[in-house]
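Biologist: Let us go through this model together, one question at a time. Please give the reasoning before each result.

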Amino acid sequence: MRILVCVKRVPAPGSKINITADGTAVDTTNLGFTVSPHEECAVEAAVQLIEGHGGDATVLTLGAVEAGEQLRYAVSVGIQRAVLLPTAGEEWDPQRTARAITSAIRQMESADGPFDAILFGNESADSGGFQVGIRVAHALGRPMVNGAKGLSIDDGIARVQREADAGRETYELPLPAVIGVKEGINLPRYPTMRGRLASKKVEVASIDPADATSGPMAGAVTGPTTIALRPPPERTSETVILGTGPDAAVAVVDVLDEIGVL
Amino acid sequence: MVLLDKGPLPNPGGSTGHASNFIFPVDHNKEMALLGVQSADQYRELDRSVDAGGIEVARTPERMDELQRRMTSATAWGVEAHLLTPAEVHELVPFVNPDVILGGFYCPSVSVVDSLDTGTLFRNEAIETAGLQVFPNTEVLDIETTDEPATGLQRVTAVVTDKGRIEAEHVVIACGVWSNRIANMAGATIPLVPAVHQMADVGPIDVLAQTNNEIAYPIVRDMDTFCYERQSSGSMEVGSYAHRPILHHPDSIPSNDEAALSPTEMPFTPDDFDPQMEQAIELMDMLGDAEIKYAINGLLSLTPDAMPCLGETVEVRNLWSAAAVWVKEGPGMAQVVAEWMTFGSPRVIDAHGADIARFYPEERSDEHIWARAAEHFNKTYGIVHPAEQWETRRELTVSPYFSRQQDLGAFFFQARTWERPQWYASNADLAERYGVTEREVEWDNRWWSPITVGEHLNLREHCGMVDLSAFQLFELTGPGAVEFADHLSVNKIGPVGRATYTPWLTPDGGFHSDLTMHRLADDTVMVVTGVFDGGRDLHWIRKHMPRDGSVTVTDRSREISTLGLWGPNAPALLATLTDHDLTQEGSPYGSIVDVMLDCGGTDVAAKLFRISYVGDTGWEIYVDWDDGPALWDALMANGRDPFGLRPTGAGVYSTSGRIEKGYRLQGAELESEYDPLEAGLARPRVKAADFIGKEAYLRAREQGEPEVLMCTLTVEDATDSRGRTRWLQGGNEPILTLDGATIHDSHGRVSRVTTAGYGPSVGKQILMAYLPRALAEPGTDLRVMYMNETFPVKVVGTGGPFDPDDTRLKS
Amino acid sequence: MAPVANRTVLAVVEHDRGTVAPTTFEALTVARTVSDRVDALTIGATADAIAGDLAAYGVASVHQVHDDVLTDYGPEAWGEVVAHAVRALAPDVVMASGTDRGNEVLAQAAARLDLPFAANCTELRTGGGDGGGDGDGVEVTRIRWGGSLLEDATLPGGITIVTIAPHAVEAGPAATPGAAEPVPFTVRLDRSLGRSVVRGRVEREAGVTLATAPVVVGGGRGVGSAEAFAPLEELAAELGGVVGCSRAVTNNGWRNHADQVGQTGTRIAPEVYFACGISGAIQHWVGAMASKHIIAVNTDRQANIVTRAGYAVIGDLHEVVPAITAEIRRRRRD
């Protein structure tokens with residue numbers, strides 16, 4: 001089985017995110033970097049599939065050379081190969097990103113054969129676009145379901161479960177397929193020390209993303225384009241302190257009564 | 001009493017929140033060792049401590065030697081410790097690979113403590129007993145001060161927070177890695193820098209989880225890789241002091257809101273940690289397959305000299321520092337500061353090494369703090385020689401003779417910021433002349449030269465000239481100057497033209513300082529003190545000086561330079577420069593005379609202070625800084641022939657010359673834990689005038705003979721078990737009875753070596769140590785431990801073995 | 001912002017086999033601020049009956065699509081339908097709610113149209129209106145970082161495809177109801193699109209879910225252990241609600257990820273949210289902030305959650321929560 005998992009390097013901020021002076025980006029001074037939580041689960045899902053079925057998994061990212069750190073993270077938990085689509089570090093919009101990834105996948109597949117499954121995270125933690133995996137799947141003509149909270153592959157079929165209001169839905173996608181993974185599908189493992197040390201030795205392959213996104217391939221219009229980032233307005237309601245300790249229970253229940261949930 | 005914290009409680013986001021929380025009670029430094037033990041006991045009393053035991057393992061022969069040295073320190077501080085073979089280490093910690101280690105140093109009382117909870121308990125106690133009010137999530141925006149014209153200092157008046165302003169008589173900054181930032185708000189400095197200590201938590205590991213215990217296996221310090229492995233329930237914390245120094249400015253530390261984990265748990269930089277992973281796996285193979293669940297670049301505080309910052313800041317009165325304190329010594333250090341504020345000086349221990357006043361202005365700059373922190377970070381688990389010198393930030397302060405000394409091949413030791421020749425390569429012929437050779441064991445020979453013995457013997461035979469420009473000179477002037485000087489000093493300030501050698505006492509009657517006070521005029525007294533104590537002494541002056549403006553203090557340290565000239569030929573040599581009567585009549589011992597010295601045609605005004613710290617007659621010669629070179633050149637020109645003058649290093653002045661005479665040194669023999677009676681510096685009568693510590697001093701005198709006496713001992717045979725002659729370094733080596741037992745007095749003070757050195761003129765190694773009176777009798781046979789072996793020593797008495805009648809001084 | 005004449009919004013109605021997703025009405029509420037002409041698209045025959053519900057929200061026409069492939073939800077089939085509708089109807093703005101399905105379907109449609117797509121917008125400012133933007137471009141405000149940051153961004157001119165962040169606005173009927181006139185819309189769908197249609201489902205057991213519960217009792221790190229959630233369960237049961245938790249709880253293994261409220265867990269909007277022993281890290285807050293009323297129970301008066309909540313009790317949740325349950329029971333007995 002051949003699996004590809006696509007990840008994005010994102011900062012790991014605290015509860016307050018600082019914005020750069022020009023207002024267009026997150027100030028990453030003193031921030032660490034990671035892959036989005038959904039993508040950690042996608043990497044884990046890929047590793048589990050390979051452990052169950054044999055074969056090998058490749059991790060891919062589009063980003064600055066520093067994103068090699070995230071590729072190595074994936075390798076350190078059990079992914080075999082790493083591919084970087086190097087950029088100058090600027091933010092790429094979803095369409096350009098999807099085109100570059102699609103093109104890279106085509107190159108890899110023409111060299112080494114098709115991927116049985118391509119995994120994405122449900123959405124990236126930073127830009128929250130909800131679309132790159134879907135665009136790639138469409139471009140490749142493959143079935144795609146986002147939000148996977150369960151995944152198994154048998155007999156050429158990827159069985160995907162996902163949560164909906166009414167219950168758990170099942171999808172059966174014929175391979176090759178693309179799946180957007182959601183946190184909760186598994187509990188991702190952490191790298192071991194040996195895994196970390198081994199990941200240092202893996203050679204990161206590089207595929208230039210520029211060809212796919214410039215010239216006649218570029219397409220007419222893409223977006224969205226960031227003008228500014230800003231914190232959301234603070235909810236300014238005064239907190240009513242209902243009391244201290246268990247004695248406050250009476251006041252709490254008064255409030256519940258008022259709201260009408262008793 | 002109000003407690004402010006920017007963060008939430010009980011864990012406001014500082015270093016304590018992520019500390020590994022273990023205490024290895026053995027340190028070569030007395031303050032750190034004893035406060036570590038004392039702190040560990042405080043945690044135990046609160047039941048917030050588990051004695052897990054700990055093992056320092058060695059991978060190299062050099063480290064095995066260091067472990068022998070640690071055994072010696074363990075003996076001095078009364079800490080149980082054992083040297084283990086690799087197999088024994090493996091027995092205690094079965095997952096240690098015995099093949100990569102040579103042995104271990106096992107300390108059963110190594111403890112793991114709950115520092116956060118201890119903080120909560122202390123806080124609650126203060127709430128209950130002292131009405132402490134606690135305000136978490138309250139940011140300090142400013143500290144207000146007011147001018148104090150009499151001292152030229154500021155005095156703290158109020159703290160401004162984001163929730164309001166609080167007027168305060170005293171303010172204590174215990175803000176960990178942020179302390180300097182907060183101090184700066186008041187115009188003060190707390191010289192420390194936040195530095196990264198990497199830590200990774202790996203697990204789960206079955207063998208650990210099966211213990212069902214927070215910590216069941218001894219902590220392992222892998223000393224040669226600068227790493228430790230500490231069980232934390234089912235996983236192992238691997239901490240490192242091996243990575244490159246990573247320093248942060250306190251302003252750049254993220255807030256609680258901005259931090260992904262906490263402000264002091266910075267993002268892990270794995271590339272820095274990779275080498276430690278390989279080494280950790282070598283030692284404990286199981287670590288390789290454990291998951292790295294949590295890894296941080298944890299911040300801790302580093303200072304320029306690796307010691308804490310305690311006490312009142314020198315810039316702002318009533319603004320106190322309790323900073324650069326780690327979990328391992330936290331409760332003890334807190335007690336030090338509390339006692340300092342309450343009683344005027346710490347009681348639990350002499351804290352001169354941690355006194356924030358020790359730093360000179362050059363040592364308070366970010367440039368200096370960063371350079372030194374970066375230099376010593378990797379020595380956290382290093383093997384550090386007692387005489388080890390810094391590589392960075394040299395030549396911060398040099399005497400007027402510096403270029404001449406360089407030309408003479410001076411080997412400089414840095415005394416705080418001051419460069420002082422320890423010996424001169426140009427005197428190599430003296431070593432040959434006196435037949436002095438290198439020492440057999442490299443450790444004993446390190447930071448030492450046979451030349452220093454040659455310089456010593458030359459001084460005794462002819463004469464030597466010592467650069468004393470690093471002396472710190474504080475001029476007290478004004479109508480209240482003499483009265484104030486007397487208020488500081490045990491001994492009475494003499495008439496104009498006399499100098500008084502005197503202790504300054506703490507209010508409890510222990511030594512704060514030991515120095516000379518020169519009465520230069522009716523209204524002028526010059527305080528002359530050593531370079532290691534200048535900062536502390538100047539602060540002491542400012543702290544105690546009258547507020548009515550009747551005294552002014554001026555730092556003259558860089559306006560006046562001092563040359564010491566001693567030896568049998570010193571009077572004759574000096575006579576070539578002046579017609580003044582240089583006999584004991586014309587220039588008596590303890591007198592200061594103003595003379596004009598003819599320095600190669602240039603008249604140089606000088607003060608000749610007849611005194612000696614080396615046991616031979618001579619003078620401290622004080623001249624204007626700019627006149628110094630002329631004096632140096634004149635002495636050198638006239639001195640070589642026929643007087644045998646040699647420039648002579650501090651190796652003679654501070655150690656060999658001094659201890660042959662049994663002279664005491666502040667910070668070594670003289671500490672606040674001892675009084676003048678014990679130190680043998682009490683005079684027959686006590687002056688009528690009041691002085692700081694008088695009451696306590698009188699009480700001690702009333703009690704009669706002191707329990708211990710400062711003694712000089714000689715090493716009778718320094719041959720070790722391998723047949724090598726060893727040379728003691730003076731690093732708190734314990735004095736033992738002939739049965740091998742350590743010696744304590746009723747206060748628990750241990751008899752240990754305060755200074756060690758070779759006495760070339762008596763041909764023996766000389767030690768200084770406080771001994772109980774019964775053992776202080778001359779001729780008493782005892783033993784001393786060095787590198788975990790014991791050697792026979794003999795008590796000389798309370799004085800030194802060389803020229804006990806001072807005939808040479810009086811000549 | 002005033003609606004702009006001569007523009008059309010096509011709102012994609014999210015439903016599950018005929019049951020409309022409530023956030024669709026929020027999207028329609030926003031749609032009316034963008035344009036005075038709002039049409040809807042319902043996909044599958046099961047959705048035909050929804051048309052009646054849409055009138056109140058000012059929908060003019062309801063384009064109804066029927067196809068065998070559309071008997072149940074399928075992201076590719078739905079996306080294909082939307083793409084066809086956009087090509088055929090040429091709306092200025094295509095809009096849905098920013099739910100799992102809403103985002104998925106519009107991303108599928110945008111992929112097919114090779115047009116930009118902006119997910120989870122809170123506001124649209126169209127060119128020529130009063131909201132700025134130049135020419136026919138559109139400026140949007142959308143949430144990023146799960147709501148920790150807002151982004152102002154431009155979309156190029158042409159057809160604008162957006163989803164509206166759930167709970168960004170409160171759904172409200174139009175001043176003047178629309179006709180909601182059903183209009184059949186015919187597309188020929190390739191049978192292969194059935195490959196990603198729901199194959200089966202396990203219906204949730206009867207009862208409330210985290211996403212729909214009127215009361216959620218949330219526990220954080222301060223709860224201390226899996227066992228210590230029992231009093232929270234009791235309180236939730238007493239109020240017909242469910243228990244939720246913070247990410248710290250999930251990471252400690254005390255509760256299943258399905259109970260996690262937050263950016264990467266479930267976003268909730270109950271009448272009352274009890275936040276017990278929860279500090280209020282942003283990751284959690286963005287999942288809980290749509291709650292109508294928040295009652296924080298925390299020992300720290302300065303905890304983020306306390307300062308953001310409408311009500312707070314300062315105290316140990318292990319004492320306070322059982323006391324609340326007891327008080328409710330006492331009143332019900334009386």
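Biologist: Of the contacts in chain A with a separation of 6 or more, what percentage is accounted for by residues 24 or more positions apart?

Modeller: The model is a predicted one. Chain A has seven helices and 14 strands, and its C-alpha trace spans about 70 × 50 × 45 Å along the principal axes. Among its contacts with a separation of 6 or more, the share from residues 24 or more positions apart is 72%.

Biologist: Which helix of chain A gives the largest share of the side that touches chain B?

Modeller: The contact joins 18 residues of chain A to 23 residues of chain B. On the chain A side, the largest share is four residues, and these come from residues 193-199, helix H5 of chain A.

Biologist: How do the residues on that side of chain A divide into nonpolar, polar and charged?

Modeller: Glycine counts among the polar residues in this division. On the side of chain A that touches chain B, the result is seven nonpolar, six polar and five charged.

Biologist: Which residues touch the most other members of the largest nonpolar core?

Modeller: This core holds 130 residues, and a second, separate core of 120 residues includes B:Phe474 and B:Leu631. A:Val5 is in contact with A:Ala42, A:Ile79 and A:Leu119, among others, leaving aside neighbours within four places in sequence. The members of the largest core that touch the most others are A:Val5, C:Ala11 and C:Val82.

Biologist: Are H3(C) and H4(C) parallel or oblique to each other, and why?

Modeller: Helix H3 (residues 75-89) and helix H4 (residues 100-113) of chain C pack with their axes 7 Å apart, at an angle of about 55°. An angle from 65 to 115 degrees would count as roughly perpendicular, and one under 35 degrees as roughly parallel. The angle of about 55° therefore makes H3(C) to H4(C) oblique.

Biologist: What is the handedness of the crossing of H3(C) and H4(C)?

Modeller: The contact includes C:Trp78 and C:Val82 of H3(C), and C:Leu106 and C:Ala109 of H4(C). Its residues divide into nine nonpolar, two polar and four charged. The crossing of H3(C) and H4(C) is right-handed.

Biologist: Why is C:Ala110 classed as it is, buried or exposed?

Modeller: C:Ala110 is found in helix H4 of chain C, and among the residues it touches are A:Gln131, C:Phe117 and C:Ile161. A residue counts as buried if 20 or more other C-beta atoms lie within 10 Å of its own. C:Ala110 has 28 such atoms within 10 Å and is therefore buried.

How values were computed: Residues are numbered from 1 along each chain as its sequence is written. Chains are lettered from A and ligands numbered from 1 in the order in which they are written. This is a predicted model: local features need pLDDT of at least 70, side-chain atom pairs count only at pLDDT 80 or more; totals for chains, interfaces and linings use all residues. Two residues are in contact if their C-beta atoms, placed from the backbone, lie within 7 Å. Helices (H or I, at least four residues) and strands (E, at least two) are DSSP runs, numbered from the N terminus. A nonpolar core is a set of buried Ala, Val, Leu, Ile, Met, Phe, Trp, Tyr and Cys residues joined through C-beta atoms within 7 Å. A residue is buried if 20 or more other C-beta atoms lie within 10 Å of its own, exposed if 12 or fewer, and partly exposed in between; C-beta atoms are placed from the backbone. Axes are lines fitted to C-alpha atoms, for helices over the stretch in contact, and angles run from 0 to 180 degrees between N-to-C directions. Angles under 35 degrees count as roughly parallel, over 145 as roughly antiparallel, 65 to 115 as roughly perpendicular and the rest as oblique. A crossing is left-handed if the near helix is turned anticlockwise from the far one by less than a right angle, and right-handed if clockwise.
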